[in-house]
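Please read the following briefing alongside the sequence and the coordinates. It covers overall make-up, nonpolar packing, strand pairing and charged side chains, in that order.

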Amino acid sequence: MKIRHRLSLQFTLISGIILTIVFVLIYLLSAQYIQNSFYKLLQMRALVTAQVYLEKDELTKKKFLEIEKSYRERIPDESSNIYDAHNQPVFIEKTRYDWPVSMLETIRHKELYRFRFQDESGLGIYYPDNQGDFVVIVTARNSMGIQQLNYLMWILIVMFLVALLIVFLMGQWYASRALEPIKNINRQVKNIRSNNLHMRVQHGRNKDEIDELATNFNSLLQHMEQAFDMQRSFVSNASHELRTPLTTIIGEIEVTLQNDRRPEEYVQSLGTVLGESEKLKIITDGLLQLTRLDAIITDANAETIRLDELLWEMQEHWRQKTPPVRLIVKLNNLPEEATLLCIRGNRSLLVLALQNIVRNAFKFSYNRDVNCLLTWHKSGMTLSISDHGIGIEADDLDKIFMPLYRAGNAHAFDGYGIGLSMTGKILQLHGAGITVSSVPGQGTTFNIFFPPAL
């Protein structure tokens with residue numbers, strides 16, 4: 001079922017429940033009003049009956065005639081009874097009902113008593129008089145009130161059905177209008193394919209949830225476009241990096257097989273083939289390692305790592321290299337508690353990530369000094385690794401973490417474009433963020449932000 005129909009039905013159901021409650025209340029209140037009005041009429045009839053039969057000798061002729069005239073205007077199916085203090089019917093010879101003594105006593109006790117008998121309403125009053133104390137009972141069937149209630153019930157039923165129909169049709173119209181922006185989004189999305197991911201969904205004028213949906217969808221398209229571009233770039237770079245050693249291997253073998261050669265020439269050719277094969281192995285091993293870095297750091301494979309100690313170990317590692325190089329480590333704004341310099345993670349992976357950055361810093365700066373600054377603040381720690389090397393062009397900054405991607409000015413150096421890809425994934429596993437700033441010809445700075453350990 002489409003959302004438009006579902007919304008209309010839900011809106012109709014809610015409106016139906018509300019209308020049912022309102023109409024039932026109207027019916028019940030009307031029935032209560034009609035019943036109270038009828039009991040008041042019965043009370044007036046009881047008083048008139050008492051005056052006609054009990055007050056005849058005490059009223060003026062004119063007043064009595066007025067009361068007698070009112071008495072003749074009877075209610076349909078009306079029945080009156082008068083009982084004396086001995087519970088005997090008096091004055092009215094023809095009685096329809098013989099009321100029990102218990103009811104008569106109840107009327108004397110309450111002085112005004114309403115009751116239902118079969119399908120009729122009844123009312124009894126206690127009427128003290130100079131001739132004695134009497135009980136007057138009047139019963140009648142509220143035919144007019146029943147007709148009014150039946151008429152009201154049918155009016156409410158018809159109004160209920162008509163109102164539901166109108167609500168459903170209005171709900172259909174309103175739902176169509178409300179969902180029109182989503183229809184527009186669907187129409188636009190149907191036209192988006194892998195070859196036109198640059199297209200975007202048009203925003204609405206209202207800053208509502210639908211506009212937020214369009215914004216989020218455009219953001220998703222942007223990420224997908226970037227992912228497709230990265231995939232195309234990866235395929236291009238991978239094919240280039242793999243094709244170069246393969247071309248060299250194939251060419252070397254073809255040249256070697258063209259003529260008979262001396263043993264030392266065969267050894268030289270095999271050496272070339274071996275070297276290029278090792279390059280292929282390094283590239284494929286690097287790609288395999290990248291696929292294995294999709295794990296999650298959990299308590300089972302994580303440990304507490306002090307970043308300052310890790311940096312001192314890295315400094316000693318590079319100092320012992322041949323020839324030795326200098327990794328200058330500085331600590332800024334240290335906290336009073338050493339535990340605040342700790343993070344949770346996999347030590348070997350984190351060392352691999354940081355060493356990849358430091359190794360590139362030495363390589364692209366011709367082994368000049370590399371600065372490493374660790375700054376602590378309440379929201380976490382920032383590690384800045386700076387070199388004075390060849391730098392990175394602005395167009396390459398957002399691509400250097402792609403597998404097998406190498407900047408244009410990096411082809412003169414050994415490498416395969418895998419190290420920084422590993423670094424990016426490892427830091428992502430540790431919940432760390434990384435940014436890069438660079439000035440071509442002056443140097444590059446990697447800023448790594450570590451959130452505080454929980």
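Contact here means heavy atoms within 4.5 Å. Among contacts in the protein between residues at least 6 apart in sequence, 64% join residues at least 24 apart. This is a predicted model, in which local features need pLDDT of at least 70 and side-chain atom pairs count only at pLDDT 80 or more, while totals for chains, interfaces and linings use all residues. Residues are numbered from 1 along each chain as its sequence is written, and side-chain values use heavy atoms, with hydrogens and water left out.

**Overall make-up**

- The protein has 9 helices and 11 strands, these being DSSP runs numbered from the N terminus (helices H or I, at least four residues; strands E, at least two).
- Of its 454 residues, 36% count as buried, where buried means under 20% relative accessible area, exposed over 50%, and partly exposed in between, with a 1.4 Å probe and protein chains only.
- The accessible surface comes to about 28,100 Å², and 58% of that area belongs to carbon and sulfur atoms; areas come from the Shrake-Rupley method with a 1.4 Å probe, and for residues only the protein chains shown count as cover.

**Nonpolar cores and a surface patch**

- A nonpolar core is a set of buried Ala, Val, Leu, Ile, Met, Phe, Trp, Tyr and Cys residues joined through side-chain atoms within 4.5 Å; the largest has 33 residues, of which L307, L327, L350, L383, I448 and F450 touch the most other members.
- Two or more residues of this core come from each of several elements, including α7 (307-319), β6 (327-332), β9 (380-386) and β11 (443-450), and the largest share, 6 residues, is supplied by α8.
- When neighbours within four places in sequence are left aside, L350 is in contact with I305, L307, L310, I343, I426, L427, H430 and F450.
- A second, separate core of 17 residues includes Y39, L42, I125 and Y127.
- On the surface, V158, V162, I166, M170, W173 and Y174 make a nonpolar patch of about 640 Å², a patch of this kind being built from Val, Leu, Ile, Met, Phe, Trp or Tyr side chains joined within 5 Å, in residues with over 30% relative accessible area and no salt bridge.
- Within that patch, V162 lies in helix α4 (residues 143-190) and is partly exposed at 43% relative accessible area.

**Strand pairing**

- Two strands pair if DSSP finds at least two bridges between them; β6 and β8 do so in the parallel sense over 6 bridges, and V329 stands opposite C372 in β8.
- β8 and β9 run antiparallel and are joined by 7 bridges, with W376 opposite M381 in β9, and a hairpin connects the two strands through 2 residues.

**Salt bridges**

- The structure holds 8 salt bridges, each a side-chain nitrogen of Lys or Arg within 4 Å of a carboxyl oxygen of Asp or Glu.
- R306, D308 and E309 are linked in a network of such bridges, with closest N and O atoms 2.5 Å apart for D308 and R306 and 3.6 Å apart for E309 and R306.
- In this network D308 is buried at 6% relative accessibility, whereas R306 is partly exposed at 25% and E309 is partly exposed at 38%.
- R108 and E105 form another salt bridge, at 3.2 Å between the closest N and O atoms; because R108 and E105 are 3 residues apart in helix α3 (residues 101-110), about one helical turn separates them.

Terms used. Patches are made of residues with over 30% relative accessible area and no salt bridge: like charges are joined within 9 Å, nonpolar side chains (Val, Leu, Ile, Met, Phe, Trp, Tyr) within 5 Å.
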